[in-house]
Amino acid sequence: LCRWVLKFICGGGNLVGAFKSREDHRKQIELEEARKAGLAPAEVDEDGKEINPHIPQYMSSAPWYLNAEKPSLKHQRKWKSDPNYTKSWYDRGAKVFQAEKYRKGACQNCGAMTHDAKACMDRPRKIGAKWNNKHIAPDEKIETFELDYDGKRDRWNGYDPANYALVVARYEARDAARSRYVKEEQLKKLEEKNNSENPEEVSDEDIDDDVRVDEAKVDESKQMDFAKVEKRVRTTGGGSTGTVRNLRIREDTAKYLLNLDVNSAYYDPKTRSMREDPLPDADPNEKFYLGDNQYRNSGQAEEFKQLNIHSWEAFDKGQDIHMQAAPSQAELLYKNFKVNKEKLKTQTKDQMLEKYGNAASQDEIPKELLLGQSESQVEYDRAGRIIKGQEVVLPKSKYEEDIYINNHTSVWGSWWKDHQWGYKCCRQTVRNSYCTGAAGIKAAEAATDLMKANIARKEADDELPAPAEEKRMATWGTEVPDDLVLDEKLLAEALKKEDQRKREEKDERKRKYNVKWNDEVTAEDMEAYRMKKVHHDDPMKDFLH
């Protein structure tokens with residue numbers, strides 16, 4: 001039964017398609033593959049429309065509860081009927097009824113029944129309509145509409161086309177003013193022509209050209225914003241409220257048409273940017289576009305970038321500066337920073353020159369001194385003694401050499417032991433100490449041997465600790481006095497009582513009904529309590545019980 005139900009569900013509620021043999025199933029798969037490859041005609045639904053063979057089966061097969069007998073995609077479409085949506089809009093300013101006297105439940109201010117005093121849009125009266133019963137306002141027309149998805153988002157829903165007559169009238173008035181201005185200019189030119197001494201100098205063509213120029217001046221406000229694109233954003237209709245400028249002249253070639261090679265510079269249509277140069281091999285003098293990176297890394301763009309970086313670093317160091325909030329202040333501080341930086345550079349350079357001099361401005365050093373070569377000839381014998389010539393003088397350092405202090409016969413640093421420098425003559429590691437010679441070395445060795453022997457003896461003593469006397473703690477937490485004697489039998493009974501008491505504490509059911517309580521506490525009871533007590537600082541307390 002379960003297998004039959006599964007086949008019925010998987011077959012899309014179709015009993016005919018539920019029971020298929022293996023051969024029928026294979027033919028069905030081959031038919032689907034042929035439809036996908038275009039070798040067989042597509043499947044047709046109830047309405048005679050073709051079904052795309054690439055639609056997955058979980059989308060094309062109808063649920064079992066729809067009892068679909070033929071292939072169809074109706075279950076994927078909107079099969080519920082739409083409610084009664086309307087395209088109408090509110091009748092603004094319409095009044096339905098005006099009463100002559102105040103009615104109970106009406107607005108206390110104006111007397112209308114369609115709103116209360118809190119939502120009243122009339123001017124607050126000194127004495128409301130509820131009390132003086134005068135000037136009762138008419139009731140507004142209350143309407144409720146059930147709009148569909150598009151109706152809720154329609155920007156022009158409820159717009160009166162008759163209002164567009166105002167826009168047409170404004171444009172007609174502008175055109176009339178322009179033609180009137182042109183006529184006045186023509187009259188002025190004719191008057192100038194009549195009043196001029198040489199009327200032949202001013203021709204009719206000049207007048208017409210001047211009039212055309214003036215007319216162009218009148219209309220140049222329209223031409224200035226040829227590249228301005230207005231967008232609306234975060235409004236009911238979507239879009240943006242910012243201004244996007246495309247500064248490319250319409251006659252110029254678009255940047256994405258300069259190089260049609262697919263492997264050339266990438267053009268981003270969303271931002272209209274092309275970072276790289278589309279024609280890198282062309283002559284730079286003939287190119288008018290070098291890529292967006294060329295403009296970002298040259299000219300004032302680089303200066304603006306440095307200005308931003310300076311503002312960020314100054315803000316991080318505690319200065320109250322913000323590039324967007326106060327750009328003029330940020331630019332002035334950046335200029336002062338550059339001036340002070342240049343002054344500091346010059347001052348540092350002058351100090352260095354004054355202290356060390358300028359080797360570049362002095363005379364050039366001879367090559368013989370630079371390379372350590374000379375023309376002097378020196379001859380040596382087999383033993384290495386000089387026969388002819390002058391011995392080469394070794395250069396001395398700026399430090400004093402071969403100067404011994406405090407009776408030392410060697411310099412500091414001639415001895416090294418245990419990561420310490422010292423004197424070789426006495427093997428002392430204390431600088432500027434007095435030399436003790438060989439006697440000091442022997443005394444130091446003897447002291448070292450004695451110290452090693454003391455350390456070894458101490459380690460041997462620590463290995464055999466002295467037997468510690470065992471001290472028993474008394475019943476009240478002090479040391480056991482000598483005269484205290486505990487009875488072993490009574491102590492054993494006290495230990496049994498303590499175990500029984502602890503078991504009763506853990507389980508109330510072990511406690512008897514007739515309990516005889518004894519307040520007398522003996523020394524054996526205290527000793528048993530102390531022995532059974534859990535010591536929380538004992539590391540082996542978990543293994544006691």
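**Exercise 1. In this predicted model, classify E445 as buried, partly exposed or exposed, and describe its salt bridge.**

*Solution.* Step 1. E445 has a relative accessibility of 43%, so E445 counts as partly exposed, since that class lies between the 20% and 50% cut-offs.

Step 2. The side chain of E445 meets that of R427 in a salt bridge, with 3.8 Å from N to O.

Step 3. This pair links distant parts of the chain: E445 belongs to helix α13, whereas R427 lies in the loop between β10 (420–422) and α13, 18 residues apart.

Step 4. R427 has a relative accessible area of 41% and is therefore also partly exposed.

Step 5. Helix α13 itself covers residues 437–463, 27 residues in total, and spans 40 Å from its first C-alpha to its last, close to the expected 39 Å. Its buried residues are G437, G440 and I441.

**Exercise 2. Determine where the partners of the salt bridge between D277 and K287 lie, and whether K287 is buried or exposed.**

*Solution.* Step 1. The closest N and O atoms of D277 and K287 are 2.5 Å apart.

Step 2. Both D277 and K287 are placed in the loop between β6 (243–245) and α9 (292–296), so their salt bridge ties together parts that are 10 residues apart in sequence.

Step 3. K287 has a relative accessible area of 17% and is therefore buried, the cut-off being under 20%.

**Exercise 3. Explain the placement of R501 and E498 in helix α14, and compare their burial classes.**

*Solution.* Step 1. R501 and E498 are both in helix α14, three residues apart, which is about one turn of the helix.

Step 2. An α-helix has 3.6 residues a turn, so residues three or four places apart point the same way.

Step 3. The two side chains meet in a salt bridge at 2.4 Å, N to O.

Step 4. At 31% relative accessibility R501 is partly exposed, whereas E498, at 8%, is buried.

Step 5. Helix α14 (residues 488–506) also contains K489, which counts as exposed because its relative accessibility is 66%. The C-alpha atoms of K489 and E524 are separated by 9.3 Å, although these residues are 35 apart along the chain.

**Exercise 4. Describe helix α7 and the nonpolar patch to which V168 contributes.**

*Solution.* Step 1. V168 is located in helix α7 (residues 164–195), a helix of 32 residues that reaches 47 Å between its first and last C-alpha, close to the 46 Å expected.

Step 2. V168 is partly exposed because its relative accessibility is 36%. In contrast, R178, V182 and E185 are buried in α7.

Step 3. Together with W156, Y159 and Y164, V168 makes a nonpolar surface patch of about 440 Å².

**Exercise 5. Establish where the protein chain has its lowest and highest confidence, and which stretches have a pLDDT below 50.**

*Solution.* Step 1. The average pLDDT of the protein chain is 80, and 78% of the residues score at least 70.

Step 2. Confidence is lowest in helix α1 (residues 2–10), with a mean of 47, and highest in strand β4 (residues 139–140), at 94.

Step 3. Residues 4–17 have a pLDDT below 50, and this stretch has 15 contacts in the model beyond near neighbours in sequence. Residues 220–244 likewise stay under 50, with 32 contacts beyond four places in sequence.

Step 4. Where pLDDT is low, the predicted coordinates should not be read in detail.

Definitions and conventions: Residues are numbered from 1 along each chain as its sequence is written. Side-chain values use heavy atoms; hydrogens and water are left out. pLDDT is the predictor's confidence in each residue, from 0 to 100. Helices (H or I, at least four residues) and strands (E, at least two) are DSSP runs, numbered from the N terminus. Contact means heavy atoms within 4.5 Å. The expected span of a helix is 1.5 Å times one less than its number of residues. Buried means under 20% relative accessible area, exposed over 50%, partly exposed in between (1.4 Å probe, protein chains only). Patches are made of residues with over 30% relative accessible area and no salt bridge: like charges are joined within 9 Å, nonpolar side chains (Val, Leu, Ile, Met, Phe, Trp, Tyr) within 5 Å. Accessible areas come from the Shrake-Rupley method with a 1.4 Å probe; for residues, only the protein chains shown count as cover. A salt bridge is a side-chain nitrogen of Lys or Arg within 4 Å of a carboxyl oxygen of Asp or Glu.
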